[in-house]
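User: I have a model open on my screen and would like to understand the words used to describe it. Could you walk me through them?
Analyst: Happy to; let's look at it together.
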Amino acid sequence: MLLATQKTVYKMTGNQPEVCYQNGTIQAICESNDRSAIVSDTGLTVTDKTATSFTELPSSDQVETVDILDDGTVLIGTEGPHIYQVSDGQLNLLEAFETLECRDDFYTPWGGPASVRSFAHTDDGWVYADIHVGSIVRSPDRGKSWELVTPDLHEDVHQVATHPRQRDALFANTANAVYISEDRGNTWEHRSEGFPYYYGRAIAVHPEDGDCLLATVSRGPHSNVDGRLYRSDDRGRTWSHVTSGFPESTPSNIDTFQIAFTTDGRAWAALDRELLVSDNRGQSWTPIWTSPDPIKTIAS
C-alpha cells in the first residue's frame, strides 16, 4: 500500500511507512500487481520488481488520477478532461475519449474544466472512468473505445470501484450517495438506506467479499460538513454508522481515495495526518501512524 502527502510518497511495510518517493508535488498514486505509479508535477514514475521508468507528461494538464491495468498499461486522468495511456514508455492521448459526444455535457459547478476523478478496472479489460461532473464512462477494451454508462445514476460521481472477483459489479459514490450496478453499468440501483446525508465521496469494497462496503458521506462539499464513515454487509442495501475507534463526525469530507481495503482484507482510512487501520472489515479502528503532513491519498 502507498500513502501520499503533498510532497512525499510512503510505502507501508507491515505497519510502518517508509519514504519511497520525494520529487516535486504529488498529484496521484496507484499500486497494482507489484507495480506502482506515482505522478508528480515532474512526470510519471513507474516501478516494478526489476526496474523504474520515467515519462514526461503534458505540463498543461492537472493530473487527478492514475491506474495500472492488468497488462501493465498505465492510464492517467486529467482536467480537460483527458485520458492518457502510457505503454512501453510511449505516451498517447486516447482519441476515442476525446471524441465522445457526451463531452459537451461535462461541467463543473464553479465553471472550470471537468476532470477524470477516478478509474476502476477489471482483469478482463473493462475500464471505468468517473467524470467530475459527467457520470461514468466505460471501455470494454482497455481504453480503445469509450461510451457513457446508462445514465440512471447521479451525474456527480466522486469515486468508482470494481471487485476483483465479480467482474460485472460496479460501485459509485456520488453527490446523491451510493449507486451499484450488477451489469457493468447498464442499470443502477440507488442504495442509501441508513445514511443521514447523501453527499458521498469515497467508496471501498472488501477484496474477498463484494457485499462488504465502506463509504463516506457528509452534508456537502464545504467546511463543517459532518463527515462520517458508514459500512454495509449487504452490498449497500443498508448502512451503519462506524464509531468504534473512528470519529463520529469530522469537520471536513473524508475524501475520494482516503479509505481503502488492501488485498489482505484490512481496511485503512486517512483523517488529516492520522492513518487508521481496521482488522475486522471496518467495524472498529485503531490509529497506527501520524504523518508529518496531511495524507491526501491511499492506494492499495
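Analyst: One thing to keep in mind is that this is a predicted model. A good place to begin is Gln-159, which is found in strand E16, residues 157–163.

User: Why is Gln-159 called buried?
Analyst: Buried means under 20% relative accessible area. Gln-159 has 7%, so the residue is buried.

User: And what makes the link between the side chain of Gln-159 and Phe-257 a polar contact?
Analyst: The side chain of Gln-159 reaches the backbone nitrogen of Phe-257 at 3.3 Å. The cut-off for a pair of N or O atoms is within 3.5 Å, so this pair counts as a polar contact.

User: How do you know whether Gly-77 is buried or exposed?
Analyst: The same kind of reasoning works here. Gly-77, placed in strand E9 (residues 74–78), has a relative accessible area of 0%. Buried means under 20%, so Gly-77 is buried.

User: How far is Gly-77 from Val-160, in sequence and in space?
Analyst: They are 83 residues apart in sequence and 13 Å apart in space, C-alpha to C-alpha.

User: Let's turn to the sheet. What is the order of its four strands, and how do they pair?
Analyst: The order is E4-E5-E6-E7, in an open sheet with antiparallel pairing.

User: What makes E4 and E7 edge strands?
Analyst: Strand E4 (26–32) and E7 each pair on one side only. Neighbouring strands of this sheet are turned by 15° against each other on average, direction ignored.

User: How do you know that E4 and E5 pair?
Analyst: Two strands pair if at least two bridges are found between them. Six bridges join E4 to strand E5 (residues 35–40), so they count as a pair, and they run antiparallel. Within this region, Ser-32 stands opposite Arg-35 in E5.

User: Which residues lie nearest the centre of the second largest pocket?
Analyst: Arg-35 is one of them, together with Val-46, Ser-53, Gly-72 and Asp-88. The lining has 16 residues, and the pocket's volume is about 260 Å³.

User: Which strand gives the most to that lining?
Analyst: E7 does, with three residues. Strand E7 (52–55) and strand E10 (82–87) each supply at least two residues.

User: What makes up the lining of this pocket, in terms of nonpolar, polar and charged residues?
Analyst: Five are nonpolar, seven polar and four charged. Arg and Asp count as charged, so Arg-35 and Asp-88 belong to the charged group. Val counts as nonpolar, which places Val-46 there. Gly counts as polar, so Gly-72 is in the polar group.

Conventions: Residues numbered from 1 in each chain as written. Predicted model: local features only at pLDDT ≥ 70, side-chain atom pairs only at ≥ 80, totals over all residues. Heavy atoms only, no water. 1 Å grid on protein atoms, 1.4 Å probe; cavity = no way out; pocket = protein on both sides within 12 Å on 5 of 7 lines; lining within 4 Å. Points joined across faces, edges and corners; volume = space filled by probe spheres on them. Axes fitted to C-alpha atoms, helices over the stretch in contact; angles between N-to-C directions. Buried < 20%, exposed > 50% of the residue type's maximum accessible area, 1.4 Å probe, protein only. Polar contact = N/O pair within 3.5 Å; in protein donor to acceptor, adjacent residues only side chain to side chain.
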